[in-house]
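I opened this entry to record what I looked up about empty space in the model, and about one residue beside a loop question. The notes follow in the order of the look-ups.

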Amino acid sequence: MDYGINMQEFTKKVLVLLSLLSSVTMTLAQSGPALQNEPFDLSRDFRDFTNTYFLADSLAGFNPTTGQGQLKWRRNQYYPQHAFNNTMAGIHKVSGNEFPGIEYPADPVLPFSIEFVSPKTIRIKAQTGYVAPSTEPSLMLVKEPNKDASWVYSKIKNGHQYKSAFGTVVITENPWAIEIHDANGKLLTKTRHQVDGKTSFTPSLPFSFVRRAADYSRSVAAVFTLSPDEKIFGCGESFTRLNKYGQKVNLYTTDPNGVETNGMYKPIPFFMSSRGYGMFMHTSSPITCDFGATFGASNALLIGDESLDLFVFLGEPKDVLDEYTNITGKASMPPLWSFGLWMSRISYFSEQDGRTVAKQLRDYRIPSDVIHFDTGWFETDWRCDYEFSKNRFQDPVKMIADLKEQGFRTCLWQLPYFVPKNELFSEIVSKGLSVKNAKGNLPYEDAVLDFTNKNTIEWYQNKIGNLLKMGVSVIKVDFGEAAPLNGIYSNGRTGFYEHNLYPLRYNKTVADITKQITGDNIIWARSTWAGSQRYPLHWGGDAEASDMGMEAQLRGGLSIGLSGFSFWSHDAGGFAAQTPEDLYRRWAPFGLFTSHSRCHGQPPKEPWAYSEKFLNTFRKVAETKYKLMPYIYAQAKVASEKGLPMMRALFVEFPEDPGAWQIENEYLLGQDLLVAPIFETGSNERNVYLPKGKWIDFQTNKIYESGWHKIEGGEFSIVILVKEGAVIPQVKLAQSTAQIDWSTIKLVSYATNGVATGKVYLPNDSQWQEVSVLTKGKKTQLLKDPYNQKVKWNCVSFLEK
């Protein structure tokens with residue numbers, strides 16, 4: 001039948017439409033997220049039929065003395081691979097498509113190197129083409145690492161071998177591969193070559209790089225093997241399941257607007273494996289880690305950078321964290337007052353609010369050290385101009401001084417974004433202090449401070465410095481996740497590299513001026529990147545005020561702790577809505593049994609705004625934290641020296657316990673206290689897994705063996721147990737850390753027979769000390785006085801504490 005359609009013209013129009021659709025799809029893939037603030041998913045580029053893929057093939061040359069060599073890459077392309085009614089994206093070798101071909105080899109040979117930084121740390125580098133040299137040292141590294149000479153080289157058949165006391169690296173020439181073995185010779189992981197996919201019908205991407213057809217930019221796929229029962233942890237403050245195996249994780253800073261999504265305020269390009277190794281991807285580009293999500297045996301690290309700089313660490317979790325933080329930096333010890341309770345809400349709006357809350361804290365005898373003023377201390381709520389409202393703060397300098405005399409430090413909120421109505425907006429724009437777009441204008445409606453610009457840093461630090469000179473002790477470094485991806489920065493780079501690095505620059509800028517003026521290296525920050533752990537503290541963002549929000553918040557805290565951060569806190573009770581009393585009853589002790597504790601979010605957050613029973617329980621839990629300050633302070637010192645988290649996953653202390661690797665809703669506070677929050681509304685008990693050894697209930701003194709137990713939360717509505725054989729140092733109750741009497745310390749021995757040990761670290765001391773107590777039933781005796789009678793020790797058994 002003839003419907004008046006010219007099929008030839010119709011076909012042409014369809015082909016044009018498909019071409020345009022393909023072009024739009026490709027453009028979206030290259031431009032990053034479809035919506036502002038969406039995570040950047042790099043995996044799309046590695047399944048695009050228009051792109052060219054270069055697979056790591058063979059070693060073209062290698063100098064074993066220097067570790068420098070060349071790697072040959074084979075050119076490939078995707079094609080539809082069809083069988084019956086099943087079409088898959090296969091990959092096959094193709095010839096070059098450039099002219100003149102003599103100038104552009106089809107299969108390029110490019111630089112590759114392996115370096116040894118320590119007996120436990122290996123550094124792998126590879127180039128995908130010309131890369132412009134960096135104009136500044138990496139902010140992610142403490143310094144450029146030295147090379148370690150302890151690795152012993154030997155030539156082997158078809159390759160090269162390097163060996164240290166902790167592991168072996170094998171480089172095979174053809175096919176090219178890098179194998180990582182432990183000290184006993186067990187293969188931990190190796191690079192995946194195309195031949196490694198021959199055992200499966202499912203095509204899988206090997207170690208390679210992609211060259212995009214749209215712009216000829218490149219990204220690396222550093223693909224390694226995964227093994228049966230292997231577990232992956234880290235990647236920053238991730239709120240999804242703690243074990244990342246089977247997940248695709250996008251390392252791209254976002255504002256998740258809560259804690260129940262896969263977005264992250266604090267992505268970190270680092271992870272560790274249960275097999276005894278960890279990896280740090282030294283870049284600030286977007287990264288997508290496909291941990292066996294697409295293909296079970298492949299750990300595909302899809303890195304947006306045009307070169308690969310990968311550190312590999314060997315050892316148990318503590319070793320890996322220590323090595324990683326040797327490279328990127330360890331958290332300095334925060335000031336003592338920061339370990340006390342921070343009282344806040346969104347927001348205290350006036351001097352009278354601050355003074356009233358301080359008075360009520362003391363009247364209700366709730367120990368506390370910090371009063372935080374959130375978004376409302378300016379003349380207009382949220383409109384940050386670094387000036388106290390003249391209508392609501394009669395004398396802020398005197399207020400800050402008076403609060404300090406009462407034992408309270410003052411914290412102030414701010415952010416690096418400026419709306420057009422802000423009186424600082426015109427100054428920022430006219431002086432060129434903000435990020436620009438390709439047209440020379442603002443990428444957003446707001447002006448976003450450009451911390452790559454020295455003039456911006458000077459301007460901003462002057463604003464922050466004026467507040468610190470007024471007596472403010474700490475600045476809340478809020479937001480920082482929205483650095484424009486398509487922005488042009490003062491250093492000449494785009495947001496492709498500066499977006500993820502923005503939080504680190506932001507953290508450093510505030511921490512530097514704070515330390516310069518107050519002497520304390522402290523901030524209260526939401527966003528991070530690798531290296532931000534050098535600038536404590538960081539909190540968990542805007543958690544939902546719900547049971548699931550509470551549980552996800554804990555997963556995020558454990559995950560950031562497994563990414564090199566020693567100190568972390570969160571908004572006790574959740575942020576996003578008024579907290580029901582039952583939830584606050586269970587969440588408050590979770591918040592107080594972390595290294596740093598803050599009540600914050602939608603009002604009310606003050607415990608006296610709830611029932612008298614809740615108030616009394618809150619007080620007792622807060623008092624307990626202050627009595628335990630010697631334990632918390634000493635454990636914090638050890639954590640800062642070793643790169644360990646204060647709130648740590650069980651397997652960090654018990655790597656030989658298979659059960660410990662499965663647990664994601666309990667944690668150890670320091671070395672000796674096991675904490676299990678209660679997450680379910682209406683409940684005051686839960687199933688608790690206990691690692692090897694005996695554990696003693698902190699509230700009831702009941703003794704448990706290792707394994708699973710159903711345990712009551714007791715008066716505190718949380719399960720707290722002490723490892724048998726531990727000494728828990730305590731002090732007399734004080735209403736602020738400034739009032740603690742450190743001259744007398746009670747050493748509580750959690751042992752029924754034998755020697756119990758613990759750690760003590762006094763304020764202004766140079767190092768922590770170990771104490772030992774001999775226990776026989778209820779009788780206790782100090783075995784060694786590390787302070788030579790400078791401290792009065794009171795040794796008691798847990799049976800009579």
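For the cavity entries I take a cavity to be a set of grid points where a 1.4 Å probe fits but cannot get out, and its lining residues to be those with an atom within 4 Å of a point. The model is predicted.

Entry on the cavity. I found 1 cavity of 30 Å³ or more in the structure. I noted a volume of about 40 Å³ for the largest cavity. Helix α8 (residues 547-561) gives the largest share of the lining, 3 residues. Among the lining residues I listed Gly557, Ile560 and Gly561, together with Phe565, Trp568 and Met646. By class, I counted 7 nonpolar and 3 polar residues in this lining, and no charged ones.

Entry on the pocket. I then turned to the largest pocket, whose volume is about 940 Å³. I recorded 30 lining residues, with Ala132, Pro133, Ser134, Asp305 and Arg493 nearest the centre. The elements that give two or more residues to this lining are β5 (121-127), β19 (307-314) and α7 (495-518). The lining divides into 11 nonpolar, 9 polar and 10 charged residues.

Entry on Ser164. I located Ser164 in the loop between β7 (159-163) and β8 (167-172). Is Ser164 buried or exposed? I entered Ser164 as buried, because its relative accessible area is 11%, under the 20% cut-off. Its side chain reaches the backbone oxygen of Pro119 at 2.8 Å and the backbone nitrogen of Phe166 at 3.0 Å. Leaving aside residues up to four places away in sequence, I noted that Ser164 touches Pro119 and Trp151.

Notes
Residues are numbered from 1 along each chain as its sequence is written. This is a predicted model: local features need pLDDT of at least 70, side-chain atom pairs count only at pLDDT 80 or more; totals for chains, interfaces and linings use all residues. Side-chain values use heavy atoms; hydrogens and water are left out. On a 1 Å grid over the protein atoms alone, a cavity is a set of points where a 1.4 Å probe fits but cannot get out, and a pocket is an open set with protein on both sides within 12 Å along at least five of seven lines; lining residues have an atom within 4 Å of a point. Grid points are joined across faces, edges and corners, and a volume is the space filled by probe spheres set on the points. Helices (H or I, at least four residues) and strands (E, at least two) are DSSP runs, numbered from the N terminus. Ala, Val, Leu, Ile, Met, Phe, Trp, Tyr, Cys and Pro count as nonpolar, Asp, Glu, Lys and Arg as charged, and the others, Gly among them, as polar. Buried means under 20% relative accessible area, exposed over 50%, partly exposed in between (1.4 Å probe, protein chains only). A polar contact is a pair of N or O atoms within 3.5 Å; within protein, one must be able to donate a hydrogen and the other to accept it, and residues adjacent in sequence count only if both atoms are side-chain atoms. Contact means heavy atoms within 4.5 Å.
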